[in-house]
Amino acid sequence: MASRSAPRASSTARLADLDRAIALEPDNANIYDDRGNVWRDRGRFDRAVEDYDKAIGLAPGFAFAFYNRSQAHYLAGRFKDALADAVKAAALNENSPQALSLRGLIQEKLGARDLAIADLRRAAALDPNLPQARDALLRLGETR
């Protein structure tokens with residue numbers, strides 16, 4: 001039972017640290033992105049999206065914030081919102097295997113199999129060790 005409370009306590013302390021950092025640097029997009037990640041990891045997807053929105057508002061070209069917001073939408077089951085952000089993340093960082101893999105996974109959820117396979121193949125070519133892309137391609141029956 002104690003092991004379950006340890007991560008929560010750790011993320012609570014992390015949130016407090018990030019709140020203090022935001023008070024000191026309210027225009028730092030990285031801090032909002034980091035706090036969004038903590039909220040996302042805690043399953044608080046709407047709170048995470050609020051922080052990613054703030055990060056993107058401060059830094060409109062912040063590819064990681066789009067990627068992270070896409071993940072939060074994906075985990076919340078909002079696949080169309082997730083796709084819009086994954087498209088933006090991939091456009092801002094076109095050689096990111098993670099962004100391409102996430103976009104492929106979302107395409108798969110939305111039933112766009114051919115688009116999913118294309119993104120997942122490209123992600124796997126960029127990083128052959130990326131498990132999400134490799135596993136999704138196998139699931140889709142793509143072994144080449």
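Let's start at the surface: the chain exposes about 8000 Å², and carbon and sulfur atoms supply 52% of that area. Keep in mind as you look around that this is a predicted model. As for what is tucked away, 43% of the chain's 144 residues count as buried.

Now for the charges. The chain carries 22 positive side chains and 20 negative ones. Work out a centre for each set, and the two centres turn out to lie 4 Å apart.

On to the fold itself. Trace the chain from the N terminus and the elements read α-α-α-α-α-α-α-α. That gives eight helices and zero strands. Measured out along the principal axes, the C-alpha atoms fill a box of roughly 50 × 40 × 25 Å. How much of the contact network joins residues at least 24 apart? Taking contacts between residues at least 6 apart in sequence, the share is 47%.

Finally, zoom in on the aromatic rings. The count here comes to one aromatic pair. Its partners are Tyr74 and Phe79, with 5.4 Å from centre to centre and 65 degrees between the planes. The pair counts as edge-to-face because the angle between the planes is over 60 degrees. Are these two residues buried, exposed or partly exposed? Tyr74 has 21% relative accessibility, so it counts as partly exposed. Phe79 has 22%, so it too lands in the partly exposed class. The cut-off to hold these against is 20%, because buried means under that value.

Notes: Residues numbered from 1 in each chain as written. Predicted model: local features only at pLDDT ≥ 70, side-chain atom pairs only at ≥ 80, totals over all residues. Heavy atoms only, no water. Phe/Tyr/Trp six-rings, centres within 6.5 Å; stacked < 30°, edge-to-face > 60°. Buried < 20%, exposed > 50% of the residue type's maximum accessible area, 1.4 Å probe, protein only. Helix = DSSP H or I, 4+ residues; strand = E, 2+ residues; numbered from the N terminus. Contact = heavy atoms within 4.5 Å. Areas by Shrake-Rupley, 256 points an atom, 1.4 Å probe, with all protein chains shown as cover. Lys, Arg positive; Asp, Glu negative; His and termini not counted. Charge placed at Lys NZ, Arg CZ, Asp CG, Glu CD.
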